[in-house]
Amino acid sequence: MSKNLVIGASGFLGAHVVRDLVEQGKPVRALVRATSDTRGIDGLDDVEVVHGDIFDVDSIRRAIDGCDVVFYCVVDARPWLRDPTPMWRTNVEGLRGVLDVAAEAGLDRFVFTSSVVTIGIPESGLATEELRNNWLRKGGQYARTRVAAEDLVMEYCHTRGLPAVAMCVANTYGEGDYLPTPHGGMVKAAVRGKMPFYLDGVGAEVVGIGDAARAMTLAGEKGRVGERYIVAERFLSPKEIFATACGAVGVEPPRKAVSRGKLTRMAVMASLIARLKREDPYLTPTSVRLMYVMPRMDHSKAVDELGWQPRPTTESIVEAAKFYLTKRPAKS
């Protein structure tokens, strides 16, 4: 039986990939940093936890040794950073070191966590994997790092024989989001009565975290090398997401709509204040553009080729809402 390594196993998606592999009875090695919050995988039986870092090539080499399939679940998803250097360092340079080791390891699969931001906007209809990102000037540095990372993985696939599969994952929702993710944080605020408004005229592709993890593990078995797969179940607006989450826990959802124009003005002001304070604002003009640029997508390739059968994401949003009201925040 193949042995699986999950790099970034303490993260939201990484922890669920570990859990999915365990449920399938597959041998799992989980790579985490010594300082990582590991609540997502604590208590799991038959998981070999090892410490390492993507910037420590020797630790990566030791972790990959003896493994057949590697799931790479490391990403810096902070589009609001004033200085994007940390994002480039993690999303591209750190990845490059891992790829150097993986390309020489004789793997069966290298399953890379990419993003739906690498998918282009079609002239009409649903976006598919065939269309590369064609809106980088709108996406800012975060989108640029994600496209560069996926391109780097495919370069290693084509020039060094890395058996890579890229999984273009949408916004994930579900239990176990301890940090939480930026989009999960908005749901957390809503169910706690701290989100006074919703964004009007915006929406995004979404997927349940357990279903995203299952797509990853299916790709480890069936994914075609050199291909990418959209991991998104449906398109939802913030109003729909908040209504689902708040309705599940008996809380009044946000009723006030905020337009794109007003949100952009708020973002400009927040950025100016943050610059004066030398802080990173969570709301920036770039993050606003990201909210409004994403197209609707076709995930049939993952269904047809991997046998992926995702649940309605609304079920995972309900689970997320209950989780945010019952679980303590992430460790500092």
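**A kinked helix and its neighbours**

Trainee: Where is the kink in helix 3 centred?
Mentor: Helices here (H or I, at least four residues) are DSSP runs, as are strands (E, at least two), numbered from the N terminus. The bend at a residue is the angle between two fitted axes, one for the seven residues ending there and one for the seven starting there. In helix 3 the kink comes to about 30 degrees, and its centre is Arg-96.

Trainee: What kind of model are we looking at?
Mentor: Residues count from 1 along each chain as its sequence is written, and side-chain values use heavy atoms, with hydrogens and water left out. Local features need pLDDT of at least 70, side-chain atom pairs count only at pLDDT 80 or more, and totals for chains, interfaces and linings use all residues, since the model is predicted.

Trainee: How far apart are the end C-alpha atoms of helix 3?
Mentor: The expected span is 1.5 Å times one less than the number of residues. Helix 3 has 18 residues, so it should span 26 Å. That agrees with the distance between its end C-alpha atoms, which is 24 Å.

Trainee: Thr-90: buried or exposed?
Mentor: Thr-90 is found in helix 3, residues 85-102. The cut-offs are under 20% relative accessible area for buried and over 50% for exposed, with partly exposed in between (1.4 Å probe, protein chains only). Thr-90 has 17% relative accessibility, so it counts as buried.

Trainee: And which residues does Thr-90 touch, leaving out those up to four places away in sequence?
Mentor: Contact means heavy atoms within 4.5 Å. On that basis, the partners of Thr-90 are Ile-54, Phe-55, Tyr-72, Val-74, Asp-76 and Leu-95.

Trainee: What do the buried residues of helix 3 pack against?
Mentor: The buried set in helix 3 includes Met-87, Thr-90, Leu-95 and Val-98. Their packing partners are strand 1 (4-7), helix 2 (57-64), strand 4 (69-72), strand 5 (109-115) and helix 4 (136-160).

Trainee: Which arginine lies over the face of Phe-55?
Mentor: A charge sits over a ring if NZ of Lys or CZ of Arg is within 6 Å of the ring centre and within 35 degrees of the ring normal. Lys-301 does this over Tyr-229, at 5.0 Å from the ring centre. Over Phe-55, at 3.7 Å from the ring centre, it's Arg-89.

Trainee: Let's move to helix 11. Why are its buried residues on the same side?
Mentor: Helix 11 runs over residues 313-326, and its 14 residues should span 20 Å, which agrees with end C-alpha atoms 20 Å apart. Buried in helix 11 are Thr-313, Ser-316, Ile-317, Ala-320, Ala-321, Phe-323 and Tyr-324. The arc is taken from the directions from the helix axis to the C-beta atoms. These residues sit on the same side of helix 11 because they cover an arc of only 165 degrees.

Trainee: How many aromatic pairs are there in the whole structure, and how is the one formed by Phe-323 and Tyr-324 arranged?
Mentor: Rings of Phe, Tyr and Trp (its six-membered ring) pair if their centres lie within 6.5 Å; planes under 30 degrees apart are stacked, over 60 edge-to-face and the rest tilted. A search of the whole structure finds four pairs. Phe-323 and Tyr-324 are 5.8 Å apart centre to centre with 70 degrees between the planes, making the pair edge-to-face.

Trainee: How far is the C-alpha of Gly-176 from that of Lys-327?
Mentor: Gly-176 is found in the loop between strand 7 and helix 5, and among the residues it touches is Phe-323. Along the chain, Gly-176 and Lys-327 are 151 residues apart, but their C-alpha atoms are separated by 8.7 Å.

Trainee: Which proline follows a cis peptide bond from Leu-179?
Mentor: The bond has omega near -10 degrees. In the loop between strand 7 and helix 5, the residue after Leu-179 in this cis bond is Pro-180.

Trainee: And what is the phi of Asp-46?
Mentor: Asp-46 lies in the loop between strand 2 (28-32) and strand 3 (47-51). With a relative accessible area of 71%, Asp-46 is exposed. Although Asp-46 is not a glycine, its phi is positive, at about 60 degrees.
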